[in-house]
There are 2 protein chains.
Amino acid sequence: MNDDMMLNEKAVAGGRSGWKQDPAGVQNNILAVAMTEFAANGLSGARIDEIAAKTHTSKRMIYYYFGDKERLYGRVLEEAYRQVRTGEEALELDHLPPVEALKRLAEFTFDHHSRHPDFIRLVMIENIHHGVYLEQSELIGLLNVGAIQKLEAICQRGRADGLFREDVSPLELHWHISASSFFNVSNRATFSRIFGSTLYTVDGQRSLRDHLVEMVVGLALKPERAKGRARGAARP
Amino acid sequence: MNDDMMLNEKAVAGGRSGWKQDPAGVQNNILAVAMTEFAANGLSGARIDEIAAKTHTSKRMIYYYFGDKERLYGRVLEEAYRQVRTGEEALELDHLPPVEALKRLAEFTFDHHSRHPDFIRLVMIENIHHGVYLEQSELIGLLNVGAIQKLEAICQRGRADGLFREDVSPLELHWHISASSFFNVSNRATFSRIFGSTLYTVDGQRSLRDHLVEMVVGLALKPERAKGRARGAARP
DNA sequence: GACGCAATTAACTAACTGGTACAAAGTGTG
DNA sequence: CACACTTTGTACCAGTTAGTTAATTGCGTC
């Protein structure tokens, strides 16, 4: 599997006269368009003809390169995961003290999800399908192995410093951070239609994010270390 | 609008010989089947013929009672919201002190969402559609007015007692509770396929729920009142 | 400069799917 | 018991959609 397509911009290959051989570019172009369409309409809702029309190439090429609709969707899903995970790798936290690192990670996740609504939508769609296409991809499995490694490292340092609780796993912390960050994007439509959009203003979003960080840090820290936080009785 | 259908079990009306007139029953039967199908396959993924086949009546009747696919979906959505909201009304919290009430509410929401995966899936699907069908229903608007009233009452009492922070709104508390409770069901497929299912065992779920409650209570309480919890400096 | 092969296009098809026409059968009421 | 109305089953249609057939065009290379 050496298909290193990065969705670059040279995916033209559609100039009627004088086209260049650029299979990778064409495939990337198809993937990019398909990602938008699948994210917007779902697997069964997306139309191959519509995808083809928005591509610089033709429907025949979609089948030429990707076989059928489902495999195209699978490739789109992989590409989406790769893009998002790649964007996460930039984050460097090892130089920060554990609590700061955890804060940064939570903030980053919240913002990162917010910046990638199409990815969120694809994951929503994939969950509607019970994750069967995700399971078929071994690439995604590999990508996600590293997803909580940052958090595990932070927790390890935090525990070593005697700051973090032992009974809250990195996985669970990741779950809580993901839940809020994901829900913030996935349920924006229904939530704001029902309860108004105050939480989706700039101030509302900052508040949600700050409080998420606060809660996660509060959960990770030992009661006696949590700046006075104690769960049993107030005993400083 | 006096369509009080409760999805009862007397929706048979299919006995070849000697049928009874039971329009409400037939409609409920259609709605129940359609809810399952839409929740399973989405709006465009669900098949009218498939719904009809699983009904005790025929496709003709679906169109007779509901007009077309989209209106059927809209009615299903309304029915789902009604069922869930009705189930919430049973919860009685006024007799509990604010902190206890908040705990109970969070726990209940977590469990309640967990018990209604089809509702969650319908909301997911509705979010894929940007909530346009939800917007068309004035019934759902009415139903949801009361959704955070319980929480508002709790917060009012909590503030009156000098326990709750002023800068955390009931709406935001509701958002945090909903986020985790919703995500827990909506993303179970992808999350467990990527990270394993430890968090979806009985113990894992209890842990998630307990920590959610802990975080929400911690967020709601004033720093100095939060059993020693302080954000600025540890000053009990 | 021509030949093999990758890349491309457009028209076509077979199946599916939402929706309908129409007639038959049952219900209840006077 | 007959008449008006409701309810249901069968067969059908027209538009859509995933997927294909087969011929064409351009590229690189010897």
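**Entry 1. Terms and model**

I count Ala, Val, Leu, Ile, Met, Phe, Trp, Tyr, Cys and Pro as nonpolar, Asp, Glu, Lys and Arg as charged, and the others, Gly among them, as polar. I note at the outset that the model is predicted.

**Entry 2. The second largest cavity**

I applied these classes to the lining of the second largest cavity and found 5 nonpolar, 4 polar and no charged residues. The space in this cavity is about 50 Å³. I then asked which residues line the second largest cavity. From chain A, I listed His176(A), Ser180(A), Leu212(A), Met215(A) and Val216(A). From chain B, I listed His176(B), Ser180(B), Leu212(B) and Met215(B).

I next looked up the helices behind this lining. At least two lining residues come from each of helix H10 (170-186) and helix H12 (202-220) of chain A, and likewise from each of helix H10 (170-186) and helix H12 (202-220) of chain B. Which helix gives the most to the lining of the second largest cavity? I recorded H12(A), with 3 residues.

**Entry 3. The largest cavity**

I counted cavities of 30 Å³ or more, and the total is 4. I found about 140 Å³ of space in the largest cavity. Its lining has 16 residues, and those that lie nearest the centre are Asn41(A), Gly42(A), Ser44(A), Asn41(B) and Gly42(B). By class, I found 6 nonpolar, 10 polar and no charged residues in the lining of the largest cavity. Helix H6 (117-128) of chain A and helix H6 (117-128) of chain B each supply at least two residues of that lining.

**Entry 4. How the two chains are related**

I laid chain B on chain A: a turn of 180° and a shift of 0.0 Å along the axis give an RMSD of 0.1 Å. I therefore recorded the relation as that of a two-fold axis.

I then examined where the chains touch. I found 63 residues of chain B in contact with 63 residues of chain A. Of the interface residues of chain B, 98% are also interface residues in chain A, so the copies meet through the same surface.

The size of an interface is often given as the accessible area lost when the parts come together. For chain B and chain A, I noted a buried area of about 5500 Å², with carbon and sulfur atoms giving 64% of it.

**Entry 5. Salt bridges**

I looked up salt bridges over all chains and found 24. How many salt bridges cross the interface of chain B and chain A? I found 4 across that interface. I also noted a salt bridge between the side chains of Arg193(A) and Glu135(B), at 2.5 Å from N to O.

Within chain A, I noted a salt bridge between Arg82(A) and Glu79(A), whose closest N and O atoms are 3.5 Å apart. Arg82(A) and Glu79(A) are 3 residues apart in helix H4 (residues 69-89) of chain A, so about one helical turn separates them.

Key. Residues are numbered from 1 along each chain as its sequence is written. Chains are lettered from A and ligands numbered from 1 in the order in which they are written. This is a predicted model: local features need pLDDT of at least 70, side-chain atom pairs count only at pLDDT 80 or more; totals for chains, interfaces and linings use all residues. Side-chain values use heavy atoms; hydrogens and water are left out. On a 1 Å grid over the protein atoms alone, a cavity is a set of points where a 1.4 Å probe fits but cannot get out, and a pocket is an open set with protein on both sides within 12 Å along at least five of seven lines; lining residues have an atom within 4 Å of a point. Grid points are joined across faces, edges and corners, and a volume is the space filled by probe spheres set on the points. Helices (H or I, at least four residues) and strands (E, at least two) are DSSP runs, numbered from the N terminus. Copies are superposed by least squares on the C-alpha atoms of residues with pLDDT of at least 70 in both. Contact means heavy atoms within 4.5 Å. Buried area is the accessible area (1.4 Å probe) that two parts lose on being put together, summed over both.
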